[in-house]
Each structure stands twice: as structure tokens, then as C-alpha cells.
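This report walks through a single protein chain, with its charged pairs taken up at the start. Please keep the sequence and the coordinates at hand.

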Amino acid sequence: MTMYHKRAVWTALLSGLAAAPALAVNGHYPPGIEGLGAAAAPPEGVYYRGYLLHYDVERFNDSGGDAVPGRNSGSVSALAHRFIWMTGQQFLGADYGVETIVPTFDLRFDLDVAGDDRFHDKGVGDLFVGPMILGWHGERWDATFAVGHWFDTADFEADNPASVGKGYGTTMLTLGGMWHLDAERHWNVSALSRYEIKTEQNVTGITPGDSWLLEWGISHRLENGLELGLVGYDAWQLEADRGGTITNKAERHAAGVEASYFWPAASIILKGAYYNEYDTRAGGLKGLESEGDAFRLQLTKFL
């Protein structure tokens, strides 16, 4: 690879990753962190939910889904703290709740372009506040709608693709459903969608395009309380970024497996999942998108 080509790829990595860091298609929400049963809002009470996520970057792809030259790798480790309060009140016939999320990150990228370029950042990410969770419940189904906003509260560096902050805010709309295929609820199908609307990234003057993603799961719960299933996610950038040179739209697709167990005596649910990304495509003529494997643990405690 010539020095000119290396520098071009390096510039592409910076512009692409700064606009759409690893795992999220081009916004704040990292797909794959919920999994089985995510579309059913919990009953009245206060809950803590902790997410431990590790994502290994195997390669970076261009807008056609092809890997760029060089040995480019990286990792994202995240611990997010989510607090949910289902108030016991009702609105539009649904149980009403509120939530907030405090994420922390440790991001590392090793880019084999224009020399050995290594980027690292860690700290508290942008904060999320959700003033509305609505949960409907039927005999064989559940449905959820929610509204919230990711605030631009974390540090953002435009020349660091490992920056923990995004440099812009995101309004997130959530809609999901869960279907119980038998009366005992041993077989379940769930789908949870997120629609993200971004504000302008002040440092660059670019407004990332709207995106939509879907997390899905098919599961079977055994008599001993262990639930096993297939999970996956699909995410699409729906419109081109405004204010930049980006014309293509990013997308990300993955499939995996999950196991979940509920301890009634301890009021704890523990989930573990593995996702393999089989297709990612970058948004923009020069942008790039990471592709890799994600490992997730999720702990829910009824307080």
C-alpha cells in the first residue's frame, strides 16, 4: 500500500468512525444489548439493570461491505447503568414509567494505516433520560412504547475515533412487541425497534441522518426457569448525513444466541448473549464501519 493510499484510508477511518463509532449504526444506541423479552415493560416497582458489553472489531468495511486494506482492529468495553421506575400509574391504558441510563466506555482502535496509529479513550458517555415508558399487557402479548433523549454531555474529540462522546444529542423513540405462542408462555417471539433523530454535531457542523434498528428474539423457556433462544439485530441509516460529504447510508446486521435465568427468591434476572456481525456497510463515500463479535451480560435486580 502506498503512503498516499494509507493516508486516504486513515482519513476515511477518522471521518467515518467519528461520525459512527463501533457498534452503533450511526447514533447512540448500541444494538444487541436487550435481547430476549426486551419488548415487555416490567410491572410496578423500581429496577436496576446493568449491561456489561465487550465488542471485538475484526475489520473495518467500506460502503460496499468490503474490508479495507491493512490490519485494523479495536475493541469497545462498556458498562451501562440503567434505572427504571414503573410508577403504578396508567396513561392511555398502559402502565407508565420513567428511566435513565449512565454509560461508561473503554474504547481502543489500532489502525494499520499511515504507520501504527492507536487511539484510546475511556470515561462516562452521553447520558440518557427517558420521561415516558408505556407498557401494555395482554394474556398472550405485551407491547411497549417509550420516548427519551441522549444528551451531549460527554467529551468529544473530532480527531479521535475512540472518543466516548458523540458530540451531538439523539432523541430515541422505542416501539416493541412480544408474543407468547402458548398459554404457559414457554415459546416467545419478541421484536424491539428504536428510531433515532440526531441534532447537529457542533464541532463538525454535520447532522447524522435518522436511523432505525430492530432487535429480535425467539426463545423457549424450560420448566426449571432457564430460557434459551436465538437473537439478532438489524440496523439501517435511513437518510444521508446533512452538512457533510456523506451520501451512502450505514447498516449493520448480526445474529447470535442467548441464555436467561430468573431467580425469584433473589429477584434477579441474568442474561448472557453472543452476537456475530455478518454484514456491515459504511455510510458515506469515505466513511467506514466496524464489523466484529459482541458479548453481553445483563443483570436486572428488582429493588
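**Salt bridges**

The structure holds 11 salt bridges. The model is a predicted one. Three of the bridges are set out here.

| Salt bridge | Closest N to O |
|---|---|
| Arginine 49 – glutamate 34 | 3.5 Å |
| Glutamate 99 – arginine 82 | 2.7 Å |
| Arginine 108 – aspartate 106 | 3.4 Å |

Take the pair of arginine 49 and glutamate 34. Arginine 49 sits in strand E1 (residues 45-61), while glutamate 34 sits in the loop between H1 and E1, so the bridge ties together parts 15 residues apart in sequence. Are these two partners buried or exposed? Arginine 49 has a relative accessible area of 16%, so it counts as buried. Glutamate 34 is buried too, at 3%.

The bridge between glutamate 99 and arginine 82 also links distant parts of the chain. Glutamate 99 belongs to strand E3 (residues 94-112) and arginine 82 to strand E2 (residues 73-91), 17 residues apart. Both glutamate 99 and arginine 82 are buried.

Arginine 108 pairs with aspartate 106. Arginine 108 is partly exposed, with a relative accessible area of 42%.

Which residues are joined into one network by salt bridges that share partners? They are Glu34, Arg49, Arg82, Glu99 and Arg194.

**Aromatic pairs**

There are 9 aromatic pairs in the structure. One of them joins phenylalanine 128 and tryptophan 150. Their rings are 4.9 Å apart, centre to centre, with 50° between the planes, and the pair is tilted. Phenylalanine 128 lies in strand E5 and tryptophan 150 in strand E6 (residues 141-150); the pair links distant parts of the chain, 22 residues apart. Phenylalanine 128 is buried, at 2% relative accessible area. Tryptophan 150 is buried as well, at 6% relative accessibility.

Tyrosine 274 and phenylalanine 295 form a pair with ring centres 5.2 Å apart. Why is this pair classed as tilted? Its planes meet at 40°, so the pair is tilted. Tyrosine 274 is in strand E12 (residues 268-281) and phenylalanine 295 in strand E13 (residues 289-302), so the contact ties together parts 21 residues apart in sequence. Tyrosine 274 is partly exposed, with a relative accessible area of 30%. Phenylalanine 295 is partly exposed at 39%.

One aromatic cluster is made of Tyr47, Phe262 and Phe302.

**A nonpolar surface patch**

Tyr274 and Phe295 also belong to a nonpolar patch on the surface. The other members are Ile218, Leu230 and Val257. Together the patch residues have about 440 Å² of accessible area. Leucine 230 lies in strand E10 (residues 226-237).

**Around glycine 256**

Glycine 256 is part of strand E11 (residues 251-263). Its relative accessibility is 13%, so glycine 256 counts as buried. Which residues does it contact, leaving aside neighbours within four places in sequence? Glycine 256 touches Gly229, Leu230, Val231, Tyr274 and Tyr275. Two of these, Leu230 and Tyr274, are patch members. Glycine 232 is 24 residues from glycine 256 in sequence, yet their C-alpha atoms are 5.8 Å apart in space.

**The whole chain**

The protein has 1 helix and 13 strands. Along the sequence the pattern is α-β-β-β-β-β-β-β-β-β-β-β-β-β. Of the 303 residues, 50% count as buried. Among contacts with a separation of 6 or more, 64% come from residues 24 or more positions apart. The protein exposes about 13300 Å², and carbon and sulfur atoms supply 61% of that area.

**Confidence**

How confident is the predictor, and where is confidence lowest? The average pLDDT is 88, and 89% of the residues score at least 70. Strand E5 (residues 128-137) has the highest confidence, at 98. Helix H1 (residues 3-19) has the lowest, with a mean of 47.

Two stretches stay under a pLDDT of 50: residues 1-8 and residues 15-21. For residues 1-8 the model has 8 contacts beyond four places in sequence. For residues 15-21 it has 18 such contacts.

Terms used
Residues numbered from 1 in each chain as written. Predicted model: local features only at pLDDT ≥ 70, side-chain atom pairs only at ≥ 80, totals over all residues. Heavy atoms only, no water. Helix = DSSP H or I, 4+ residues; strand = E, 2+ residues; numbered from the N terminus. Buried < 20%, exposed > 50% of the residue type's maximum accessible area, 1.4 Å probe, protein only. Contact = heavy atoms within 4.5 Å. pLDDT = per-residue confidence, 0-100. Phe/Tyr/Trp six-rings, centres within 6.5 Å; stacked < 30°, edge-to-face > 60°. Patch = residues over 30% accessible without salt bridge, like charges linked within 9 Å, V, L, I, M, F, W, Y side chains within 5 Å. Areas by Shrake-Rupley, 256 points an atom, 1.4 Å probe, with all protein chains shown as cover. Salt bridge = Lys/Arg side-chain N within 4 Å of Asp/Glu carboxyl O.
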